[in-house]
Amino acid sequence: MASYTISRLLDLPFYTEGPAVDADGNLYFTTLTGGTIGRLGTDGQYRPWGQAGCPNGQSILPGGEHWVCDTGKAAISRFSPQGEWLGHIIQASCAGVAFDTPNDLVVDAAQHLYFSDSVRENGKVCFVGAGGEQRIVAAGLDYANGLVLSADGSRLFVAESYRNRILHIALSGPGVAAGPPEVFAELPFNHNGYNLPDGLAVDRQGRLWVAHYGMQAVHVLSETGELLFTIDTGMPLVSNLCITADNEEGQTILVTGGYGEPGPGALLEIKIKG
């Protein structure tokens, strides 16, 4: 495997989630029960950026808006580039079906929104199209969690936490499943704690990066689901990750999580060479 280094960017009183990077290289994350969306600027200075009930996964759109899962309000919220709350995109129900715990989200280039509803046994993946149409993409999942689209948008990857595996869903169109979810990869098992795959990311090579809560690990899977290598982060509750740089020299990964819930939490940066 490639060599890597791990740096601790921040220590915080609350467990962290929702890593994201804007076009200028500023880093963002959420603190769930802390109610805060935080910003770590390119100057290395941290400040609270936005407030929500219980902010979780987030995505930054090309125009600078943030779309954020607010678990505390059972909603997906919009924030301006300056951190002002602009309202809910959707709340409490999708396509006439109730949802309770929006956890993670992904927004495609056309601003179609996918988000997970993280409940045991009947977790869901929901869809809100750019034109407002709503669909349930998948249901009956045992805690649907992290989401990411393949580079060409033809597949949606879903972390099914309590089955310790990654699913993939073929899409025949935006928000339209071509068939039921299929198993993409079964993950390593930790006999001494939790084994809950959480946040996901895809790199330019098509590899899938998995934040593995309870294993203090980040796994890297091939395009066919083979485990390529694992990074021990030293942080037990790894919640999520995003790729902030990806080129021929390697990748830079922003990792969220912590040492307990509701805290303490931390923000890590992993630099991979090669």
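Buried means under 20% relative accessible area, exposed means over 50%, and partly exposed lies in between (1.4 Å probe, protein chains only). With that in hand, here are some exercises to work through together.

The model is predicted, so local features need pLDDT of at least 70 and side-chain atom pairs count only at pLDDT 80 or more, while totals for chains, interfaces and linings use all residues. Residues are numbered from 1 along each chain as its sequence is written, and side-chain values use heavy atoms, with hydrogens and water left out.

**Exercise 1. The whole chain**

Task: Find what share of the 274 residues is buried, and describe the overall build of the protein.

Solution:
- Step 1. Start with burial: 55% of the 274 residues are buried.
- Step 2. Turn to secondary structure, where helices (H or I, at least four residues) and strands (E, at least two) are DSSP runs numbered from the N terminus. The protein has zero helices and 27 strands.
- Step 3. Check the compactness. The radius of gyration is 17 Å, close to the 19 Å from the globule rule for 274 residues, so the protein is as compact as a globular protein of that length. Here the radius is taken over C-alpha atoms, and the rule is 2.2 Å times the number of residues to the power 0.38.
- Step 4. Add the extent: the C-alpha trace spans about 45 × 40 × 35 Å along its principal axes.

**Exercise 2. Contacts around one strand residue**

Task: Place Ile-136 in the fold and list what Ile-136 touches, not counting residues up to four places away in sequence.

Solution:
- Step 1. Locate the residue: Ile-136 belongs to strand β15.
- Step 2. Judge its cover. With 29% relative accessibility, Ile-136 is partly exposed.
- Step 3. Look for contacts, meaning heavy atoms within 4.5 Å. Beyond residues up to four places away in sequence, Ile-136 touches Cys-94, Ala-95, Val-97, Lys-124, Val-125 and Cys-126.
- Step 4. Compare sequence with space: Val-176 is 40 residues from Ile-136 in sequence, and their C-alpha atoms are 8.6 Å apart.
- Step 5. Widen the view to the protein. Of the contacts between residues at least 6 apart in sequence, 42% join residues at least 24 apart.

**Exercise 3. Charged pairs**

Task: Which residue forms a salt bridge with Lys-124, and how many salt bridges are there in total?

Solution:
- Step 1. Recall the idea: side chains of opposite charge can pair when their charged atoms come close. The rule for a salt bridge is a side-chain nitrogen of Lys or Arg within 4 Å of a carboxyl oxygen of Asp or Glu.
- Step 2. Count by this rule: there are nine salt bridges.
- Step 3. Take Lys-124. Its partner is Asp-117, with the closest N and O atoms 2.9 Å apart. Lys-124 is buried at a relative accessible area of 7%, and Asp-117 is buried at 1%.
- Step 4. Move to Asp-142, which forms a salt bridge with Arg-120; their closest N and O atoms are 2.6 Å apart. Asp-142 sits in the loop between β15 (134-141) and β16 (144-149), and Arg-120 in the loop between β13 (113-117) and β14 (123-128), so the pair ties together parts that are 22 residues apart in sequence. Asp-142 is buried at 8% relative accessibility, whereas Arg-120 is partly exposed at 46%.
- Step 5. Finish with Glu-160 and Arg-163, whose closest N and O atoms are 3.5 Å apart in their salt bridge. Salt bridges with shared partners join Glu-160, Arg-163 and Arg-165 into one network. Glu-160 is buried at 0% relative accessibility, and Arg-163 is partly exposed at 43%.

**Exercise 4. Unusual backbone angles**

Task: Where do Pro-262, Pro-264, Leu-32 and Tyr-143 lie?

Solution:
- Step 1. Keep the background in mind: most residues other than glycine have a negative phi, and most peptide bonds are trans.
- Step 2. Look at the prolines. Glu-261 and Pro-262 are joined by a cis peptide bond with omega about 20 degrees, and Pro-262 lies in the loop between β26 (250-258) and β27 (265-273). Another cis peptide bond joins Gly-263 and Pro-264, with omega about 0 degrees; Pro-264 is also in the loop between β26 and β27.
- Step 3. Go to Leu-32, whose phi is positive, near 45 degrees. Leu-32 is in the loop between β3 (27-30) and β4 (36-40) and is buried, with a relative accessible area of 11%.
- Step 4. End at Tyr-143, with a positive phi near 75 degrees. Tyr-143 is in the loop between β15 and β16 and is partly exposed at 23%.
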